[in-house]
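Please look over the chain shown here before reading on. The report is written for someone meeting this structure for the first time.

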Amino acid sequence: MKASQVNIKNRRATFDYEIGDTYTAGLVLTGTEIKSIRAGKASLTDSYCVVDNNEIWVKGMHVSEYFYGSYNNHATRRDRKLLLSKKEIAKIQKSAADPGYTIVPLRIFISDRGYAKLVIGIGRGKKQFDKRQSIKEREDKRNIDRLFKK
């Protein structure tokens, strides 16, 4: 089976956080949610993850209602459970417990087997001067690429 072209990114995450370790987790979804994600109708803006009762949940992730869903449609911003091993959950929980660190959703994609996966990372919040430095590095890289393409 060919992998889908769905690749929904959280651009704001790399701007606001320095990402350390990353993990790939499965998502518990309903039928209309997976159809909307396969259509590319999801957004990770303003979403975050929490650990609750040794389970990791993603909150604030927007998955648009499926056009053909009728009364079976899902709530657009409901909490969704992430599927990870107990060892991974323990590592993430320990890392996120440190002050200044949080669990940030980075990207949604469809795996080769057709499952929706969410890449999460342990992020440390950037200060304002760090953000300016990131913008400067990005612009310098863009200028260098522009010079060498001519």
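The sections below go from the whole chain to particular residues.

## The chain as a whole

The structure is a predicted model, and the chain in it has four helices and nine strands. When the sequence is followed from its start, these elements come in the pattern β-α-β-α-β-β-β-β-β-α-β-β-α. Measured out along the principal axes, the box that the C-alpha atoms fill is roughly 55 × 40 × 25 Å.

Of the 150 residues of the chain, 33% count as buried. The exposed area of the chain is about 10,000 Å², of which carbon and sulfur atoms supply 49%. Among the contacts between residues at least 6 apart in sequence, 66% join residues at least 24 apart. The chain carries 31 positive and 17 negative charges, and the mean positions of these two groups are 5 Å apart.

## Helix α2 and its cover

Helix α2 takes up residues 31-38, and its buried residues are Thr-32, Glu-33, Ile-34, Ser-36 and Ile-37. The cover over these buried residues includes strands from several parts of the chain, among them β1 (7-9), β3 (42-43) and β6 (62-63). Strands β7 (80-83), β8 (101-110) and β9 also belong to this cover. After α2 comes Gly-40, which has a positive phi, near 80 degrees.

## Ala-116 in strand β9

Ala-116 is placed in strand β9, which covers residues 116-125. With a relative accessible area of 5%, Ala-116 is buried, because that value falls under the 20% limit. Although Ala-116 and Gly-26 are 90 residues apart along the chain, their C-alpha atoms are separated by 6.3 Å.

With neighbours within four places in sequence left aside, Ala-116 is in contact with Ala-25, Gly-26, Leu-27, Leu-29, Ile-34, Phe-109 and Ile-110. One of these contacts, Ile-34, is also listed among the buried residues of helix α2.

## Salt bridges

A search of the whole structure finds nine salt bridges. In one of them the side chains of Asp-16 and Lys-131 meet, with 3.2 Å from N to O. Asp-16 lies in helix α1 (residues 11-16) and Lys-131 in helix α4, so this pair ties together parts that are 115 residues apart in sequence. Both Asp-16 and Lys-131 are buried, and together with Arg-12 they are linked in a network of salt bridges.

Glu-33 meets Arg-78 in another salt bridge, where the N to O distance is 2.8 Å. Since Glu-33 belongs to helix α2 and Arg-78 to the loop between β6 and β7, the pair ties together parts that are 45 residues apart in sequence. Glu-33 counts as buried, at 0% relative accessibility, whereas Arg-78 is partly exposed, with a relative accessible area of 27%. Glu-33 also forms a salt bridge with Arg-80, and here the closest N and O atoms are 2.9 Å apart. Arg-80 lies in strand β7 and Glu-33 in helix α2, so this pair ties together parts that are 47 residues apart in sequence. Arg-80 is buried, as Glu-33 is.

## A nonpolar patch on the surface

Ile-144, Leu-147 and Phe-148 make a nonpolar surface patch of about 380 Å². Of these residues, Ile-144 lies in helix α4, which runs over residues 128-149. Ile-144 has a relative accessibility of 45% and therefore counts as partly exposed, a class that lies between the limits of 20% and 50%.

## Two loop residues with positive phi

Most residues other than glycine have a negative phi. Asp-46 is not a glycine, yet its phi is positive, at about 65 degrees. Asp-46 lies in the loop between β3 and β4 (48-52), and it is exposed, with a relative accessible area of 65%.

Asn-54 likewise has a positive phi, of about 60 degrees, although it is not a glycine. Asn-54 is found in the loop between β4 and β5 (55-59), and at 54% relative accessibility it counts as exposed, because the value is over 50%.

Definitions and conventions
Residues are numbered from 1 along each chain as its sequence is written. This is a predicted model: local features need pLDDT of at least 70, side-chain atom pairs count only at pLDDT 80 or more; totals for chains, interfaces and linings use all residues. Side-chain values use heavy atoms; hydrogens and water are left out. Buried means under 20% relative accessible area, exposed over 50%, partly exposed in between (1.4 Å probe, protein chains only). Contact means heavy atoms within 4.5 Å. Accessible areas come from the Shrake-Rupley method with a 1.4 Å probe; for residues, only the protein chains shown count as cover. Lys and Arg count as positive and Asp and Glu as negative; His and the chain ends are not counted. The place of a charge is taken as NZ of Lys, CZ of Arg, CG of Asp or CD of Glu. Patches are made of residues with over 30% relative accessible area and no salt bridge: like charges are joined within 9 Å, nonpolar side chains (Val, Leu, Ile, Met, Phe, Trp, Tyr) within 5 Å. A salt bridge is a side-chain nitrogen of Lys or Arg within 4 Å of a carboxyl oxygen of Asp or Glu.
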